[in-house]
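Here is a short note for a colleague who is opening this structure for the first time. Please keep the view at hand while going through the numbered points.

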Amino acid sequence: MATERSRRPVSLALRITALVGAAMTVLFVIFTALVVRSMEHHFAEQDLGEVIAVAESLGAALGPNPSTDDRQALKQRLSLAVAGHHGVYFGVYDASGAVLFDTAPEGLFMVANAASATASLDQSALRIWQLGEATYRGALLRVRGETVLVAVSMEPHLRYLAMLRRGLWGGTLLACLVAVLVAWLAVRWGHAPLRRISSTVRGITSEHLHVRLEPADVPAELGPLVHSFNEMLDQLQTSFIRLSDFSADIAHELRTPITNLTTQTQVALSKARDPDAYREVLYSNLEELDRLAKMIGDMLYLAQADHRLSQPEKIPVDLAAEVRALFDYFEAWAEEAGVELALEGELRPVLGNQLMLRRAMSNLISNAIRFTPRGQVLTVKLTDKADAVELVVENPGAEIAAVHLPRLFDRFYRVDPARQHKGEGAGLGLAIVKAIVDMHGGTVHASSAAGRTRFIVRLPPASPQ
């Protein structure tokens, strides 16, 4: 495990530099090898042409019976035949191997005679012979019964090839070094925007979440990365602000019941009281404790929903049946508040968790009852659409200003913070609704106009229409 932690990936600059260096080295090595091979082939063709020219001249100069010709006259004819061919060595030998004419270095014929003579000349007929430190290329021919040796010294070629190899390998090494250096500089230059981004990112702290990267200041390839990073910062800033607001709200919400508990307890302990007075204080404290327990339970539920700690088991749920059951549950409260409950429409079943969906609808209906004027009707409308099912909880009453609508589902948010009636909850009901709907892959939003407020929930159906 410690070895895995200590092992770090090779840097991007080193990878690119090594790759470019290796590619350039292989390319230059192949190029050098091809050039040298091409020059060797050129020299072989050149030597073949020289050998053919000399061989033809010697063949024309030889008489019908060279072994019986006057040696001096034969030598003169052969010398004239090869006049102008510099660096070319030749010899003419009879059938017994006796020398008729020879300008080749001593011992070359013995080396060349190890191979059989040929009647025609081409590249396959050429041989390379090593005599001491000298190298020759030539052929051994059979002409009218005589053996003709033609050889060309390869020393000029070999010296040139050696010099060419040194030059090419030196140039290859220099070119590879330059290529590696240029690749490294290019990578450094190409990574400059990343270093600038890194420098900017290091300066982003919780106090500077407003800082954003400029897409116009980076290459096009980094544009999507910068956009994604800025979007991530937007989400972080929003979450941080919500967390800060949540911390302040929860401190405020918890402070009120705790203050009430402390005050009531201090008053009760300030002097001796009869048992009924103490019982009344305990009942009052119990109500505050119940409120605290509900608030803590709701906060725990939202925390689990935010982190996907609770994975609900989903089954087909009949929302119409659930709404009717909730109407029965809230019937007594609605009658006391003078509110009539009405259900319109039917729906296909939705795939979801029955308890969670019932809790979400319960929060919406109870919230609507609370703000519906006496003598009015609270309506739940069910609509079956092609790609979703829609549940609308609609109640008459005071309109909610447009500025508040986007924040209705925030935790502890109230349209009128001064209205904190006992028993109305801590402002987490709609936040729980949104968490449940999100968990089911649906959406929820609110609208308020013409004296009516609507909460619209859209959920995916259990089966397509």
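1. Asp-384 is a convenient place to begin: in this predicted model, its relative accessible area is 28%, so this residue counts as partly exposed. Its side chain meets that of Arg-348 in a salt bridge, with 2.8 Å from N to O. Arg-348, by contrast, counts as buried, because its relative accessibility is 13%, and buried means under 20%.

2. Where do Asp-384 and Arg-348 lie along the chain? Asp-384 belongs to strand β9 (residues 377-384), whereas Arg-348 sits in the loop between β7 (340-344) and β8 (350-352), so that the pair, 36 residues apart, links distant parts of the chain. Beyond this pair, Lys-381, Glu-394, Arg-452 and Arg-454 are joined into one network by salt bridges that share partners.

3. The structure holds 13 salt bridges, and another of them is formed by the side chains of Glu-322 and Arg-358, at 2.7 Å from N to O. This pair also links distant parts of the chain, with Glu-322 in helix α9 (residues 319-337) and Arg-358 in helix α10 (residues 354-371), 36 residues apart. Glu-322 is buried, with a relative accessible area of 6%, while Arg-358, at 32%, is partly exposed.

4. A further salt bridge connects Asp-234 with Arg-212, whose closest N and O atoms are 2.7 Å apart. Here the two residues are 22 residues apart and again link distant parts of the chain, since Asp-234 lies in helix α7 (residues 223-269) and Arg-212 in the loop between α6 (192-202) and α7. Are these partners buried or exposed? Asp-234 is partly exposed at 37% relative accessibility, and Arg-212 is likewise partly exposed, with a relative accessible area of 24%.

5. The last point concerns helix packing. Two packed helices are described by the angle between their axes and the distance between the axes. For helix α2 (residues 12-61) and helix α5 (residues 155-190), the axes come within 9 Å and cross at roughly 160°. That angle makes α2 roughly antiparallel to α5, because angles over 145 degrees count as roughly antiparallel. The crossing of α2 and α5 is right-handed, and the contact of α2 with α5 has, by class, 22 nonpolar, seven polar and three charged residues.

Note on methods:
Residues numbered from 1 in each chain as written. Predicted model: local features only at pLDDT ≥ 70, side-chain atom pairs only at ≥ 80, totals over all residues. Heavy atoms only, no water. Axes fitted to C-alpha atoms, helices over the stretch in contact; angles between N-to-C directions. Helix = DSSP H or I, 4+ residues; strand = E, 2+ residues; numbered from the N terminus. Parallel < 35°, antiparallel > 145°, perpendicular 65-115°, else oblique. Left-handed = near helix turned anticlockwise from the far one by under 90°. Nonpolar A, V, L, I, M, F, W, Y, C, P; charged D, E, K, R; others polar. Salt bridge = Lys/Arg side-chain N within 4 Å of Asp/Glu carboxyl O. Buried < 20%, exposed > 50% of the residue type's maximum accessible area, 1.4 Å probe, protein only.
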